[in-house]
Amino acid sequence: MSIIKKEGFDFAFDPMGCNDCGGNCCIGESGNIWISNSEIEKLCKYLNIDIVETFDKYIERRGFKYSIKEVQLSKENYACVFFDMQKRQCSIYEARPVQCRTFPFWDYFKENKEEVIKECPAIKEL
């Protein structure tokens with residue numbers, strides 16, 4: 001895999017860095033893991049379960065949006081419910097939502113590059 005660059009960002013992403021990370025992007029402070037209706041449908045198919053079971057186990061409503069649930073690991077430490085703690089990787093990688101697919105190229109990190117550099121060993125400064 002080659003290093004990924006995106007216009008408007010002054011850093012790049014080396015997917016090989018994920019091998020040494022252990023899932024920093026999936027573990028940490030509690031937050032929102034946004035998932036759209038179409039992504040929920042894709043997730044249901046991927047998991048081979050119906051929409052009711054998917055919501056019961058994995059999705060919660062936050063205002064007018066939906067977020068993937070988290071598991072509390074310790075007082076201030078959470079993990080996405082789909083993060084496999086043993087393998088240290090996403091258990092739904094092929095069906096993960098856009099928010100996960102676009103990490104670390106979020107608008108937030110354009111102004112907070114130091115934060116993503118600290119969090120993600122796959123970040124390469126340009």
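**Note on the predicted model: strand pairing, a buried serine and a surface patch**

1. Arginine 61 stands opposite tyrosine 66 in β5. This is a predicted model. The strands concerned are β4, residues 59–62, and β5; they run antiparallel and are joined by four bridges.

2. The turn of this hairpin deserves a look. Two residues lie between β4 and β5, and glycine 63 takes a positive phi near 65°.

3. Serine 67 is also part of β5, which spans residues 65–68. Is serine 67 buried or exposed? Its relative accessible area is 0%, and the cut-off for buried is under 20%, so serine 67 is buried.

4. What does the side chain of serine 67 reach? It reaches the backbone nitrogen of isoleucine 33, at 2.9 Å. Isoleucine 33 is also listed among the residues that serine 67 touches. Leaving aside residues up to four places away in sequence, serine 67 touches Gly31, Asn32, Ile33, Trp34 and Ile35. Tyr58, Ile59, Glu60 and Arg62 complete that set.

5. Turn next to strand β6, residues 70–74, where leucine 73 lies. Leucine 73 has 36% relative accessibility; that falls between the 20% and 50% limits, so leucine 73 counts as partly exposed.

6. Leucine 73 belongs to a nonpolar patch on the surface. Its partners in the patch are Val71 and Met85. Together the three residues have about 210 Å² of accessible area.

7. Asparagine 19 sits in a loop, between β2 (11–13) and β3 (27–28). Its relative accessible area is 61%; exposed means over 50%, so asparagine 19 is exposed. How far is the C-alpha atom of asparagine 19 from that of glutamine 72? The two C-alpha atoms are separated by 24 Å, and the residues are 53 apart along the chain.

8. Strand β2 also takes part in an open sheet of three strands. The order is β1-β2-β10, and the pairing is antiparallel. Which strands form the edges? They are β1 (4–5) and β10 (123–125), each of which pairs on one side only.

9. One pairing in this sheet can be followed residue by residue. Three bridges link β2 and β10 in the antiparallel sense. Phenylalanine 13 has isoleucine 123, in β10, as its bridge partner.

Conventions
Residues are numbered from 1 along each chain as its sequence is written. This is a predicted model: local features need pLDDT of at least 70, side-chain atom pairs count only at pLDDT 80 or more; totals for chains, interfaces and linings use all residues. Side-chain values use heavy atoms; hydrogens and water are left out. Buried means under 20% relative accessible area, exposed over 50%, partly exposed in between (1.4 Å probe, protein chains only). A polar contact is a pair of N or O atoms within 3.5 Å; within protein, one must be able to donate a hydrogen and the other to accept it, and residues adjacent in sequence count only if both atoms are side-chain atoms. Contact means heavy atoms within 4.5 Å. Patches are made of residues with over 30% relative accessible area and no salt bridge: like charges are joined within 9 Å, nonpolar side chains (Val, Leu, Ile, Met, Phe, Trp, Tyr) within 5 Å. Accessible areas come from the Shrake-Rupley method with a 1.4 Å probe; for residues, only the protein chains shown count as cover. A salt bridge is a side-chain nitrogen of Lys or Arg within 4 Å of a carboxyl oxygen of Asp or Glu. Two strands pair if DSSP finds at least two bridges between them.
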